[in-house]
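Here's a structure to get to know, with a walk through a few spots inside it. Take a look at it first, and then we'll start with one helix.

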Amino acid sequence: MKKPPNKILETFPRVKEFIATISNLSGSSITLATLWVGELEYWMGQNGRGLEDAERVFREYFDNLQNKRELATASLKSAKLWCNKYVQWMREEKSIKIIEQLSIKLPKLKQVIRFTPSLEQVRAIQEYCMTSGDVRIPQGAVVSLLPATGMRDGEMCTLLANDWRNNTSDGRVIFVVRNPKNGQDREVPMLNIGKPIFHKYLVEQRPQLPNNKYLFPSPRRATEPVTTQAVESMFRALRETLKIPRLTAHSMRRFFVTHLMDKAIDGAVVAKIIGHTNLSNFFKYYGPSGTSLARKMSLADQTDQADQMEEERV
């Protein structure tokens, strides 16, 4: 299939939905993603493949690419990265839609699919990343700071060395996420659970590479940032070592959203922090626990009682 990106988006609406979720990336990355997932969709249609077994679909498609022996290693890596992300997205979206179609009103079922780690799990992850001898820096720092900022892994990996500051009023670290696509940068305040880790990383662990402009430089490439693939390798180690099978970079983002929403921070404010303009998509990141819901109900009851006492007094 030799179609330009705009024709791919017109032909495959599902690809267009996926591309909308990564619109914060650079134009070249979006173009590559569009081309590869468009090829995958075309291949699925030509070979009668569906989403019943998404992992098998991806494996067969990628094996087909490798067997052609026509692509460079870099192209194969790009294909694997974007097609894998697309398949994961399709599986998650399909599962949510099935639950909604069946009208199953059980929040816990959605939490099984959209996993949100607990605060205790996040702290265990941070401790492992920053103290384990077999963990490479700086990808360990990136993984540790994702739940404290709610950033996408690609956003944090490409932060420049001066893309942060201390807030003058309370000393809170604030990162600046650049958006080269529309020039609308956003500020991301960091939760305090990340402050000691970030300080330790800056003072003790950040590689001293004079020609590298990135806050989290690649240990192997003198002028490049750490890659999302290196971060994903950290998550694979964490899933196995800490026995958290559904842990991903996106689940860290959900932790950040849920943590703030549970503290009664306005949803519109949280959406702005994480860079979401579509509130419908934003609320998919919110996965309150039963304890959190019960606490909110108690607050509602207290408010009702206070209102009733005020009415009786009047």
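Let's begin with helix α8: eleven of its eleven residues are buried, so the rest of the structure largely encloses it. Buried here means under 20% relative accessible area, exposed means over 50%, and partly exposed is anything in between, using a 1.4 Å probe and protein chains only. Helices (H or I, at least four residues) and strands (E, at least two) are DSSP runs, numbered from the N terminus. Among the buried residues of α8 are Gln139, Val143, Leu146 and Thr149. Just after α8 comes Gly150, with a positive phi of about 75°.

A quick word on what you're looking at: it's a predicted model, in which local features need pLDDT of at least 70 and side-chain atom pairs count only at pLDDT 80 or more, while totals for chains, interfaces and linings use all residues. Residues are numbered from 1 along each chain as its sequence is written, and side-chain values use heavy atoms, with hydrogens and water left out.

**The cores**

Val143 from α8 turns up again in the largest nonpolar core, which has 46 residues; Val143, Phe175, Phe216 and Phe235 have the most contacts inside it. Such a core is a set of buried Ala, Val, Leu, Ile, Met, Phe, Trp, Tyr and Cys residues joined through side-chain atoms within 4.5 Å. The elements that each supply at least two residues include α7 (119-131), α8 (139-149), β2 (173-177) and α11 (228-241). Which helix gives the most to this core? That's α12, with seven residues. There's also a second, separate core of 20 residues, and Ile8, Ala33, Trp43 and Tyr86 are included in it.

Still on α12, have a look at Ser251, which lies in that helix. Ser251 is buried, with a relative accessible area of 0%. Its C-alpha is 5.9 Å from that of Phe115, though the two are 136 residues apart in sequence. Setting aside neighbours within four places in sequence, Ser251 is in contact (heavy atoms within 4.5 Å) with Phe115, Pro117 and Arg246.

**Aromatic rings**

The structure holds three aromatic pairs. Rings of Phe, Tyr and Trp (its six-membered ring) pair if their centres lie within 6.5 Å; planes under 30 degrees apart count as stacked, over 60 as edge-to-face and the rest as tilted. Here are two of the pairs:

| Pair | Centres apart | Planes | Type |
|---|---|---|---|
| Trp164 and Phe198 | 5.1 Å | 90° | edge-to-face |
| Phe175 and Phe198 | 5.2 Å | 70° | edge-to-face |

Phe175 sits in strand β2 and Phe198 in helix α10, 23 residues apart, so this pair links distant parts of the chain. Together, Trp164, Phe175 and Phe198 form one aromatic cluster. Is Trp164 buried, exposed or partly exposed? At 27% relative accessibility, Trp164 counts as partly exposed, whereas Phe175 and Phe198 are both buried.

**A buried arginine**

Finally, head for the loop between α10 and α11, where you'll find Arg206. Arg206 is buried yet has no salt bridge, and the nearest side chain of opposite charge, Asp163, is 11 Å away. A salt bridge would take a side-chain nitrogen of Lys or Arg within 4 Å of a carboxyl oxygen of Asp or Glu. What Arg206 does have is backbone oxygen close at hand: that of Tyr214 lies 2.5 Å from a polar atom of the Arg206 side chain, and that of Leu215 lies 3.0 Å from one.

Conventions: Lys, Arg positive; Asp, Glu negative; His and termini not counted. Polar contact = N/O pair within 3.5 Å; in protein donor to acceptor, adjacent residues only side chain to side chain.
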